[in-house]
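Please open the model in your viewer and keep the sequence panel visible. The tour below proposes one selection after another and states what is found at each stop.

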Amino acid sequence: MSRLFICEKRSLADAITKGLSRQLGLPSQNREHCQQVGENMVANLSGHFYELAAPDDYDTMYRSWSIEHLPIIPQKWLRKPIEKNGKPDPNIVRRIKGIEKLLKHATIVVNAGDPEREGQLLVDELLIELGWNPFSENTQRIWLSSYNDRDVETALNGIFPNAEKRSLFMAAITRSQADWLHGLNMTRLFTCLARASGAASGQVVPVGRVQTPTLNLVVERDREIENFRPVDHFTARIVCQHHGGQFEATWVMNEDQPGLDPEGRLIEKSVADGLVSKTTDLIGMVVDFEEQLKSEGPPLPFALPQLQTAAAKKLKLTAKQTLEVAQALYDKYKVTTYPRTDSQYLPTNILKTDANKTLDLIGALDNWSNVVVRCNRSLVSKCWNDKKVTDHHGIIPTLSVTPEIISQMNETEKAVFNLICRAFVAQFYPSHTYNAQRTQVEVSGERFKATGRKVTLDGWKQLYQTRIDADIESEASEAKDAALPAMKLGDQIAVCDGNVAAKRTKPPKVFDDGDLIDALENIHKYIKEPAIKRILKENAGIGTGATRDTVIEGLIRRGALKRQKKIEIVSTPFGRSLIDILPAQVKSASLTALWEQELQKIQDGETNNQAFMTMLHGEVKKMVNTFSAMEKIDLKGLKMEEKLEGDGDPCPLCKVGVLMTRHSHKKGKKPLAFLSCSRWDKDNPEESCSYSAFPNEDSKIEPLTGHGNPCPSCGKGKLVTRQVKKDPKKRFLACDQFSKDDKESCSFILKQEKPKNDLPGTGQPCLKCGTGVMETKLARKGKRKGQRFLTCSNWRECVQ
């Protein structure tokens, strides 16, 4: 029996190869296209080798973007190898052929993709394209979330039929096809509308199911900040002397109190001043007092979104940078578990088998021993919950942690690693406990309130107040209310002082990577509809932890968002105007929420993808029909182009197409506008029309005498000044009806000759023959040698 493991990446292939070698007691050998251990071949990919085919792969007419072609809905979905510069990537094609050779020698194939949707898809789609049924009894699955030796051994012993993950594959391929249908059709629709409104032909208006709601979120926040108007308001405070100690209390205002604005804020300072004067030096009474013991458990281990949020706040990293570091900790150093996870919970088997050893390894690191020694290893925090662990668990350190490996990291990698370690170690610290206090006192008929907190045990919070080596910024203890003195109802207090606190309302905070990632995960907070709000909350927002950073970077790359002050994210004029023209159902998070809900049902095996795709086809058709009727859209920030004279005229060569303005793009040169036939197809030059004309090029040349005169040869065209490409200083007159692609077009040329001081009458029609034009010539011999004279350009026929 020969087994072929197809791994998502090389690091995973190396881990499995070493695991097989330990398990079988055999050495590994490097073979062509794979590593081999006994009868086991271990090959690796490097992400997706296939992508969904482009529209023009289905029909060449789709190479030209036109609203008339929409919607594009494939009847049978096609895949093709990932392309590079418009052609299949030769490296990927070579590796596909290598795996195809290995399949011929395999009796069993093991899908060793990452334990999530895309990891399942990229191996299964490769097998399908190579003619191997990924859900046959000869196809198995290995589920590996960590590269440490024990986890690899456990995964190798727990290989199961790949058919058990068929629904995971279906959810992944459905998501891919749905994104293609929605994103491609909507992008082409609004791009065509933009171009019809004057946008340059190379401009693309991106629209997608996750990126558009993300953009909308930033645009709304930016406008909220811009429209914000600060409000000055005031709070009256008194200092109360109780026999147990002093405390400060804040005035409780009645709803009908004069001087309040509609939001209930006191905007008249004189009212607060009068209250302080009125109550100072008076005696009051405690009318309410409550003290309640509360307990706060440690924060859960990180999922990717929470790690990105923490790294943005503490380390000033972008979401993309955080993911890259987390991926390096997993792939390169193998000291943390799988990073692209949405779960913060941990399986109980790790608590039973690996937790103590992991703590020992962390304690052996510099500056960690005093932290780990205070752990209570018998504690079981709420993070240990098998029911809440999905395909991946929270990000935690592995059993591969050593001081030597940590020493190889840069400071940023160490800092992110320490964040992950701290969250794990915190699970073995006791809860933070405190007495939450609140009281109300009454003075001269006015009520004042105060709150306090009396800490009874720091617990895990002391861990977050301790600086660890390579922390960019240790987490300071949060601001706490001072403890109130013990008191009871009826106790007297004396008002010994008072003050008026001036406050000003603040605008919402500009999004940074961490805030935006958190907003996408908790998008329900920005939704008003209760049903959609509930769905979004249950499905953890829009997008996934593994893709949100890519969405943000894509919007920045396309010019809809931009960065300022390193990690702040704001919208551009283009991004704002795009949101303004898009329909509500396209830019709302509601669409994404409903999609994610259906995809999860497919993944859980509760439904198939046919009903979802049928619904999506109908929605895409409806949107295209509705919005294709828009005559013009106004997008700011896009490069606009003016149509050249002749744009829209019939093509003089093929008589079928129409002339349209295009731009040539040559390296090191500015784009040059020209007219060409709408039937031109660079990928099919033999069957398309190749007519082109560069009127703008001629208009930039200083005209010669005779420029604009009727062509003396064909009588239809006009003479235009052109220049020799190899020597731009040399100019000549030519008929504007000339086309290099039409041998029957007028090829009349009148070269410029020295001297440049033309005689009067040069360029005028010959009065004798009527077909030539008068030219200035220089006598080269005879009595008039060196003198200028006028002669007909058609002198050979004219003199006869």
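**Stop 1: two helices in contact**

Select L307, A311, K314 and L315 in α9, together with A415, V416, L419 and I420 in α15, for these two groups meet. Contact here means heavy atoms within 4.5 Å. The model is a predicted one, in which local features need pLDDT of at least 70 and side-chain atom pairs count only at pLDDT 80 or more, while totals for chains, interfaces and linings use all residues. Residues are numbered from 1 along each chain as its sequence is written, and side-chain values use heavy atoms, with hydrogens and water left out.

The residues of this contact of α9 with α15 comprise seven nonpolar, no polar and one charged. In this scheme Ala, Val, Leu, Ile, Met, Phe, Trp, Tyr, Cys and Pro count as nonpolar, Asp, Glu, Lys and Arg as charged, and the others, Gly among them, as polar.

Now display the whole of α9 (residues 304–315) and α15 (residues 411–425), which pack at an angle of about 125° with their axes 11 Å apart. That angle makes α9 oblique to α15. Angles under 35 degrees count as roughly parallel, over 145 as roughly antiparallel, 65 to 115 as roughly perpendicular and the rest as oblique. Axes are lines fitted to C-alpha atoms, for helices over the stretch in contact, and angles run from 0 to 180 degrees between N-to-C directions. Helices (H or I, at least four residues) and strands (E, at least two) are DSSP runs, numbered from the N terminus.

**Stop 2: the surroundings of α9**

Keep α9 selected: nine of its 12 residues are buried, so the helix is largely enclosed by the rest of the structure. Buried means under 20% relative accessible area, exposed over 50%, and partly exposed in between (1.4 Å probe, protein chains only). Among the buried residues of α9 are L304, P305 and Q308. To see what covers them, add α10, α15, α16 and α18, which are included in that cover. Just after α9, select K316, which takes a positive phi of about 60°.

**Stop 3: helix α16**

Which residues of α16 are buried? Select D513, G514, L516, I517, A519, L520 and E521 to display them. Helix α16 (residues 513–521) is mostly covered, as seven of its nine residues are buried. The cover over these buried residues includes α7, α9 and α10, as well as β18 (561–564) and β19 (568–571). At the N-terminal end of α16, select D512, which caps the helix with a side-chain oxygen 3.1 Å from the backbone nitrogen of G514.

Next, add α7, which packs against α16 at an angle of about 120°, with the axes 11 Å apart. This makes α7 oblique to α16. T214, L217 and V218 in α7 meet L516, A519 and L520 in α16. The residues of that contact divide into five nonpolar, one polar and no charged.

**Stop 4: two single residues**

Select Q327, in helix α10 (residues 319–331). Is Q327 buried or exposed? At 15% relative accessibility, Q327 counts as buried. Leaving aside residues up to four places away in sequence, Q327 touches K9, K332, P339 and R340.

Finally, select R166, in helix α6 (residues 166–196). R166 has 41% relative accessibility and therefore counts as partly exposed. Add D124 to the selection: R166 and D124 lie 42 residues apart in sequence and 9.3 Å apart in space, C-alpha to C-alpha.

Methods. A polar contact is a pair of N or O atoms within 3.5 Å; within protein, one must be able to donate a hydrogen and the other to accept it, and residues adjacent in sequence count only if both atoms are side-chain atoms.
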